[in-house]
Amino acid sequence: MDPLEVYRVEAPGEEFGAAKYREIILDILQDLGLVRSIGRLYVYIDMERPYFAVYGLLRGSLPPLRVGDVADVVRTQEGYQIKVNEEEHLADMLRVLWEKYGRDRVEQPDRDLLTIASDVSPADLIVTDVDAEFRRDLTDALIRIAPEGFRNRRNEMTEDSFLFIASEETITPELIEEVREKIRGMENA
C-alpha cells in the first residue's frame, strides 16, 4: 500500500520501466522523510521526446519550529533556562539565541542545557523554518530521481504543489504546456 493518497507513474511503451521508477521514487521520498508531506504524486516519463516530469500536491505547509517546540523554557532569577529535548535542533537554536541575545548572554553549562541572561523569553524564537527545509529536500530528491543525463531542469513550487521537469533537450514553453496537459489527463483518469 502506498503512503500517498494518489500515486501514478506513466511511461507509454515502458511498463517495466514505469514500475521500477515507481519503486525508486517511493524509496527516495521515504528515505528522505518527504512522503508524509506529499498527498498526490503524478509522474510522466516520455522516452521518445525524451523528458521526465513529476507533479505533486502537498498536504499543507509546515509551521516554523520555535524554541518552545523543541525545549522546555523555564524562568529563573537570572533569566531563562532552556532544557533541549530535541538535540538535532541544538546548533540552530544556539545560532538563533546568539543572534538575539549575544554570545556573552548565552551559556551552555551542560550538553542539553542553556541559560540566557535576559528578561525576554526565548520560547517564541524561530529555530528553523521546517517548510523551507522540506522544499530544499524535495528539490534534492527530484534531482536524484531524474534520469541520468537529463541535465535541463525546471522546478516550480507553489504553496501547495510542485512541478519538476527534466530533459536532455531545452525545456520550451511548449514542452511545459504539454507536460501540464499530460498531468491534467492523469489527474482526471
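Here are some questions and answers about this predicted model.

Q: In what order do the five strands of the open sheet lie?
A: Let's start with the sheet, where the pairing is mixed. Strands in a sheet pair through backbone hydrogen bonds, either parallel or antiparallel. Reading across the open sheet, the order is β1-β2-β3-β11-β10.

Q: Which strands stand at the edges of this sheet?
A: The order of the open sheet is β1-β2-β3-β11-β10. An edge strand here has a single partner strand, so one side of it is left without a neighbour in the sheet. That describes β1 (6-10) and β10 (152-157).

Q: By how many degrees are neighbouring strands of this sheet turned against each other on average?
A: This one concerns the sheet with the order β1-β2-β3-β11-β10. Ignoring direction, the average turn between its neighbouring strands is 5°.

Q: Which residue in β3 is the bridge partner of isoleucine 45?
A: Strands β2 (residues 38-46) and β3 (residues 51-58) run antiparallel, with eight bridges joining them. Isoleucine 45 has its bridge partner in β3. That partner is phenylalanine 52.

Q: Which helix packs on the sheet, touching β2, β3, β10 and β11?
A: The helix we're after covers residues 130-145. Its direction makes about 150° with that of β10. It's α4.

Q: Where does α1 put its buried residues: on one face or spread all around?
A: The buried residues of α1 are Ala18, Tyr21, Ile25, Leu26, Ile28 and Leu29. An α-helix has 3.6 residues a turn, so residues three or four places apart point the same way. Looking down the axis of α1, the buried residues fall within an arc of 160°, so they line one face of the helix.

Q: Which residues are exposed on the other side of α1?
A: What covers the buried residues of α1 includes β1, β2, β3 and α4. Over on the other side, the exposed residues are Phe16 and Asp31.

Q: What span does helix α1 reach from its first C-alpha to its last?
A: Helix α1 runs over residues 15-31, which makes 17 residues. At 1.5 Å a residue, the expected span is 24 Å, and the model comes close to that. Its reach is 24 Å.

Q: How many residues apart in sequence are the parts tied together by glutamate 5 and arginine 40?
A: Side chains of opposite charge can pair when their charged atoms come close. Glutamate 5 and arginine 40 form a salt bridge, with their closest N and O atoms 3.8 Å apart. Glutamate 5 sits in the segment before β1 and arginine 40 in strand β2, so the parts they tie together are 35 residues apart.

Q: Which residue is linked with Glu5 and Arg40 in a network of salt bridges?
A: Glutamate 5 is exposed, at 53% relative accessible area, while arginine 40 is partly exposed at 34%. The residue that joins them in the network is Arg59.

Q: Is aspartate 112 buried or exposed?
A: Aspartate 112 meets lysine 83 in a salt bridge of 2.8 Å, N to O. Lysine 83 is partly exposed, at 35% relative accessibility. Buried means under 20%. At 16%, aspartate 112 counts as buried.

Q: How many residues apart are arginine 111 and glutamate 87?
A: Their side chains meet in a salt bridge of 2.4 Å, N to O. Arginine 111 is in the loop between β7 and β8, and glutamate 87 is in the loop between β6 and α3. The separation is 24 residues.

Notes. Residues are numbered from 1 along each chain as its sequence is written. This is a predicted model: local features need pLDDT of at least 70, side-chain atom pairs count only at pLDDT 80 or more; totals for chains, interfaces and linings use all residues. Side-chain values use heavy atoms; hydrogens and water are left out. Two strands pair if DSSP finds at least two bridges between them. Helices (H or I, at least four residues) and strands (E, at least two) are DSSP runs, numbered from the N terminus. Axes are lines fitted to C-alpha atoms, for helices over the stretch in contact, and angles run from 0 to 180 degrees between N-to-C directions. Contact means heavy atoms within 4.5 Å. A salt bridge is a side-chain nitrogen of Lys or Arg within 4 Å of a carboxyl oxygen of Asp or Glu. Buried means under 20% relative accessible area, exposed over 50%, partly exposed in between (1.4 Å probe, protein chains only). The expected span of a helix is 1.5 Å times one less than its number of residues. The arc is that of the directions from the helix axis to the C-beta atoms.
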